[in-house]
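Work through the exercises below with the sequence and the model open side by side. Each task is followed by a stepwise solution.

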Amino acid sequence: MTQVETVATLADAARQVVGGQISGDAVYLGGGTVLMRDVNAGEGPARLVRTMDPALREVRISGDRIRLGAGVTMAQVLAEADLAFLHPVARQIGGPQVRAMGTVGGNIFAPHPYGDFAVALLALGAQVTLAGGSSGPGRALDDILRDRERSPTLISAIELSRPQAGAFGFLKVSRVKPKGVSVMSIAVHTPQSAGRIQGARVAWGAMGPAPTRSVAVERALEGGTLDTAAIERAAQVATEGLNPPTDAIATSWYRKEVAGVHLKRLLTSMGGR
Amino acid sequence: MNDMSNMPASKGILGLQNPQIEFRKDLFADERDENLNEIGKPVRRQDIEGHVTGRSPFYDDHLFEGLLHMRYVRSPHHHARIRRIDTSAAQGMPGVVRIITSDDVPANMNTLLSLLDFGLDDEPVLSDKKVAYVGEPVVAVVALTEAQARAAVKAVQVDYEVLPHVLDPEEALKPGAPTVCDVYPGNAFVYHGKYNHQKLRYGDVETALKSADHVIETRHQMSPIEQAPMETCGAIAAPEQNGRYVCYSGTQGLFFSLGTAAKVLNMPSSRLHFIGGTVGGGFGGKVDSIHEPLAILGTVLTGKPCKSQWDREEEMQVGAPRGAERWYITDGVMNDGRIVARKFTGYFDAGAYTRLTSYAVIKCVGHLPGPYTIPNVSADVYCVYTNRTPATAMRGFGVTGVDFSIEAHMDQIADTLGMNPIDLRILNAYRDGDMKAHRRTAKNCAFIECCQVVAEKAGVTIKPESKAASSMKDGGGERGQLPAFTATDENGRVEGFEGWSYAKKGGGSATTGSVPSTTTPTPASLPQTPQPIPQPASPAPVTPAPQAPTPQVQSPSPAPTASSPKRRPPTRFSSISGFRRR
Amino acid sequence: MAKKPVSFTHNGVETAAFADPGQNLLEFLRRGVGDLTPKYGCGQGTCGACTVTVDGEPHLSCLTLAESVEGRSVGTVAGLANGATLDPLQEAFMDHFAAQCGYCTPGMLVAARVLLDANPNPSLDEVIEAISGNLCRCTGYEPIIEAIMAVANGSYGSAGRAAL
């Protein structure tokens, strides 16, 4: 039977789940939208650790620098006018109920096919602060996502910079609208310097075991603009390095077939801005 | 023409021009009394206030002190022999009150249609010999909480010997295929004790095909379809007073469930108090009485209220879907579009057990060849066993699958002939007075009018003859006559089955000293002689006397029937499934 | 296994009951508190039949830990009516055939009430989004959307909650 422990702060929780490593039987409970399913099915961990630490729900915006507590919900993101660039993402996570419960931190560890918010954060080059960790530069979200199975961590906050106007785009492909699980999701960040794309980042959701970047597409866009030729080149290499899964939503074949089409649509809509 | 005066003044939220319901009162206007009090009026449903206040009493909306929860150990294999069941580890687990195996079930057979003498018992309540589909229940665990029951289920050890399985109906019918259901070797339900399929024979299809200008064949296939009601299946049973048990159920067939529970528990139905009728969506998926007998048995064995309920995963995977169907239709068609012959071969995938599929086939064949007058029709329709989830009813069950195939086939004909598909249908549509392939006269036909309205709505121009056609004209006469000759055959003949008697499955399941083999399944109020058939209000043109059953040869059968009393078939059912001679 | 006492406000009334460890709010409300109006449809957060409000926000009670509502306020469909006076949404649902089997209805009504409390004059898209977390297998959704729009458009007086 699942035992529940409520502790005062996230640092206390980190001690319970042992500094960076889930100690076998204790798992951190955030919004519950993923973990409670397992608990209901009798597949939950022996111990759930949760905290009411108010720091987790803080949204701090300072100019272009944004800090989101790991417990910030999608609904909170949608309530912040200053986070308008993230609204197209948060709005497509689950339905109203899931958005009131699901957290930014939880989305980073949500298994396939979930995790669309993490896809956006990955494209935006977000950094992550670990619970109980020292101050200083956080870890790149890339590392956290890549290692999340092998060595899951407990995060306390996510930091990112506001993108230039029109430089960030997001597309979620699902069969049921407005709320439906991803066939795939795509996030593109194309910051510009002197009229040229510099530091392009492109991330895919539901196209692998975790949200993942597309080096091939980034290379195709880097140094240019979002003109027709560049978009065409990007679409050509859309699935390079990707091995999308087959699941109840779509087959690997289908995902590979349509990935380039959807990427092209997203880039075209961004190019027109 | 469209009377919308009584409808709410709404165009629908999408701004569509059409209201939710359109009455074509111009059609068959003199056949109806239009002074309707309820139909077409915006009258509130009598139960809707309960729905909007949350007070409608679904089966789970009843509180019981000390309610126990049942969960099941289920087969992970498509097909396997059960070597050993070891519940010892589960017995001692926290909260476990009782573990139930097949030995605990007084009459371990849950085959609904056997209550109507249609088919043999084939499905255990809890399996002990083998499992034939993923999810088949083997052991029931009763515990204080659902979580404890789930944990204990995991601790039950079942030793399986995996067997080869078959998941396709045509593969299942091939010689050498794994035997899914031991009662029916060859993986096909036996109709009338004689054939491995249901036959329809009307006229001479093979001869007619030879003289047709075109022979057009199609093949259509569907997957099983899950009803997916919002409320999952389940039942709660509790002791009442005076040796009675109350059972709250989400079943769509309260009397089915009552009869099944009485049979499985070897208990007179007077000891059972069934309460239901508030169903959170059924769509046909809540007609198999899976939960009630086990919930009541749990209560009998523990003395406490007991809930048996599927979670969502079980509802989707273990709960019976609409069975998949595969249809081969071959038509002989003349150049002018007249269909002169239609041949069906159909396969209903029953999954691992019969449930209602045997009846679905009967219903289906009564429907063929669709709303068309075709002078030569034959059908071979199989109820096939595969190692898939057992199928059951759903919306228009037995009929919607073949109807899709028929209409897609008609479009194929239209395409081949270069003919308007609606004109084609009106040309071949049945009319009042025509003889139908199951040898009853068509009346109250309305297919032509439906086609005309469809053409109007879809903006499709049809020929003047089609516009002028009517279901009430040009039928009967020669079209109303039976064919002079009907070709019959003995294909698919099966030996070793009796036509009508109720037989139990052989073997050691019914052991707990309760069911003598001569016991009839329900209290002895069943008549021993056929009752006269109640006459319908508007009698059919020909009403034959009830057919006395022909004496059956006592051939060796899978179940020991020597000591079972010979029972006359229930005459009501025989009128549907029998082969009537006219 | 020790049960946890949970004190909270239930449809405006201060209440307390005991939760099993790891018990979800749906089971706690139904069996612990005796409010049978939220329903079990999936236990996985996909169907919305268990929708309740927690501090005014819509939540899936099947995915909410029961003890997490300690000190908070929980609302179910049982709290929509004001004594014998039904919420205008309830009246509209009845008039528009917005329920057939009735199983999704409690969740739908809670979701609709959350919408109208925050936004008394929603657009069609906003109504559709508001119930996008609630599945219905009977009505095809259109009657439900029509009923909510009818309340939003003033056909039932104010779009606010039932007055005495």
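Two strands are said to pair if DSSP finds at least two bridges between them. The model used here is predicted.

**Exercise 1. Find the partners of strand 10 of chain B and give the sense of each pairing.**

Step 1. Locate the strand: strand 10 of chain B spans residues 245-249.

Step 2. Take strand 9 of chain B, residues 234-239, which is joined to strand 10 by five bridges and runs antiparallel to it. One bridge in this pairing links P239(B) with Y245(B). The two strands make a hairpin with five residues between them, and N242(B) in the turn has a positive phi of about 60 degrees.

Step 3. Take strand 11 of chain B, residues 272-275, which pairs with strand 10 in the parallel sense over four bridges. Here Y245(B) stands opposite L272(B).

Step 4. Trace the connection: from strand 10 the chain passes through helix 6 of chain B, residues 254-264, to strand 11, and this β-α-β crossover is right-handed.

**Exercise 2. Decide whether V246(B) is buried, partly exposed or exposed, and list what V246(B) touches.**

Step 1. Recall the cut-off: a residue is buried with 20 or more other C-beta atoms within 10 Å of its own, and exposed with 12 or fewer.

Step 2. Apply the count: V246(B) has 19 other C-beta atoms within 10 Å, so V246(B) is partly exposed.

Step 3. Set this against the strand: four of the five residues of strand 10 of chain B are buried, and the strand is mostly covered.

Step 4. List the contacts, leaving out residues up to four places away in sequence: V246(B) touches A237(B), A238(B), E240(B), H273(B) and I275(B). For I275(B), the separation from V246(B) is 29 residues in sequence and 7.4 Å in space, C-alpha to C-alpha.

**Exercise 3. State the strand order of the five-stranded open sheet of chain B and identify its edges.**

Step 1. The order is 7-15-14-13-8, and the pairing is mixed.

Step 2. Strand 7 (198-202) and strand 8 (214-221) of chain B each have a single partner strand, so they stand at the edges, with one side of each left without a neighbour in the sheet.

Step 3. Neighbouring strands of the sheet are turned against each other by 5 degrees on average, direction ignored.

Step 4. Inside the order, strand 14 (residues 339-351) and strand 15 (residues 377-385) of chain B run parallel and are joined by nine bridges. In this pairing, A379(B) of strand 15 is the bridge partner of F344(B).

Step 5. Add the helix: helix 10 of chain B, residues 400-417, lies across strands 8, 13 and 14 of chain B and runs at about 35 degrees to strand 13.

**Exercise 4. How many residues of helix 3 of chain B are buried, and what do they pack against?**

Step 1. Seven of the ten residues in helix 3 (146-155) of chain B are buried.

Step 2. Among them are E146(B), Q148(B) and V153(B).

Step 3. The buried residues pack against strand 1 (68-74), helix 2 (88-91), strand 3 (96-100) and strand 5 (137-143) of chain B.

**Exercise 5. Describe the side of chain A that touches chain C.**

Step 1. The contact takes 23 residues from chain A and 24 residues from chain C.

Step 2. Strand 1 (3-7), helix 2 (35-40) and helix 5 (96-101) of chain A each give two or more residues to this side. The largest share, five residues, comes from helix 5 of chain A.

Step 3. By class, this side of chain A has twelve nonpolar, nine polar and two charged residues.

Conventions
Residues are numbered from 1 along each chain as its sequence is written. Chains are lettered from A and ligands numbered from 1 in the order in which they are written. This is a predicted model: local features need pLDDT of at least 70, side-chain atom pairs count only at pLDDT 80 or more; totals for chains, interfaces and linings use all residues. Two residues are in contact if their C-beta atoms, placed from the backbone, lie within 7 Å. Ala, Val, Leu, Ile, Met, Phe, Trp, Tyr, Cys and Pro count as nonpolar, Asp, Glu, Lys and Arg as charged, and the others, Gly among them, as polar. Axes are lines fitted to C-alpha atoms, for helices over the stretch in contact, and angles run from 0 to 180 degrees between N-to-C directions. A crossover is right-handed if, with the strands pointing away from the viewer, the path from the first strand over the helix to the second runs clockwise.
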